[in-house]
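Reader: Could you take a close look at one part of this model for me, the aromatic pairing, and then set it in the context of the whole chain?

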Amino acid sequence: MPETTVKVDTTTRDTLQGLAAAEGLSVKAYLAKVAGEKEQERALQTATAAFRRAISAPGVMDAFDAEFGGLPPASHNTSRAA
């Protein structure tokens with residue numbers, strides 16, 4: 001795969017090197033990992049927004065309840081360890 005160079009200030013470079021080293025990765029591998037994680041975050045945000053739009057449409061929750069009997073009652077565990 002072709003490579004490119006990115007110029008950052010020395011403080012940012014040192015920070016990236018430290019973060020990468022803490023994970024046992026090269027800076028190149030660390031940046032690839034972070035980029036992948038950010039792509040996943042963006043996809044999840046998009047999916048969450050679409051889901052919220054879908055369930056907020058009139059009648060959707062009523063149809064869900066009719067089809068599946070609604071959500072089960074919430075259970076609360078109030079026991080405490082001695």
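Author: Here is a walk through the aromatic pair first, then the chain around it.

Keep in mind that this is a predicted model. The count of aromatic pairs comes to one. The partners are F64 and F68, with ring centres 5.1 Å apart and planes at 40° to each other. Why call that tilted? An angle under 30 degrees would be stacked and one over 60 edge-to-face, so 40° lands in the tilted class.

As for how the two rings come together, look at the helix they sit in. F64 and F68 both belong to helix α3, which covers residues 60-68. They are four residues apart there, so about one helical turn separates them.

Now for their surroundings: are these two rings buried or exposed? F64 has a relative accessible area of 32%, which makes it partly exposed. F68 reaches 58% and counts as exposed, because the cut-off for that class is over 50%. So neither partner of the pair falls in the buried class, which needs a value under 20%.

That fits into a chain where 4% of the 82 residues count as buried. The protein has a radius of gyration of 23 Å, whereas a compact globule of 82 residues would be near 12 Å. Its C-alpha trace spans about 60 × 45 × 20 Å along the principal axes. The exposed surface adds up to about 7500 Å², with carbon and sulfur atoms supplying 59% of it.

On the fold itself, you'll find three helices and zero strands, so to speak an α-α-α run from the N terminus on. Past α3, the segment that follows holds S75. S75 is exposed too, at 70% relative accessibility. Measure it up against E23 and the two C-alpha atoms are 39 Å apart in space, with their positions 52 residues apart in sequence.

Charges are worth a glance as well: there are 9 positive and 10 negative side chains, and the centres of the two sets lie 6 Å apart.

Finally, how far should you trust the pair's neighbourhood? The protein's mean pLDDT is 90, and 93% of its residues reach 70 or more. Among the elements, helix α1 (residues 10-22) has the highest mean, 98, and α3, the helix of our pair, has the lowest, 88.

Methods
Residues numbered from 1 in each chain as written. Predicted model: local features only at pLDDT ≥ 70, side-chain atom pairs only at ≥ 80, totals over all residues. Heavy atoms only, no water. Phe/Tyr/Trp six-rings, centres within 6.5 Å; stacked < 30°, edge-to-face > 60°. Helix = DSSP H or I, 4+ residues; strand = E, 2+ residues; numbered from the N terminus. Buried < 20%, exposed > 50% of the residue type's maximum accessible area, 1.4 Å probe, protein only. Rg over C-alpha atoms; globule rule 2.2 N^0.38 Å. Areas by Shrake-Rupley, 256 points an atom, 1.4 Å probe, with all protein chains shown as cover. Lys, Arg positive; Asp, Glu negative; His and termini not counted. Charge placed at Lys NZ, Arg CZ, Asp CG, Glu CD. pLDDT = per-residue confidence, 0-100.
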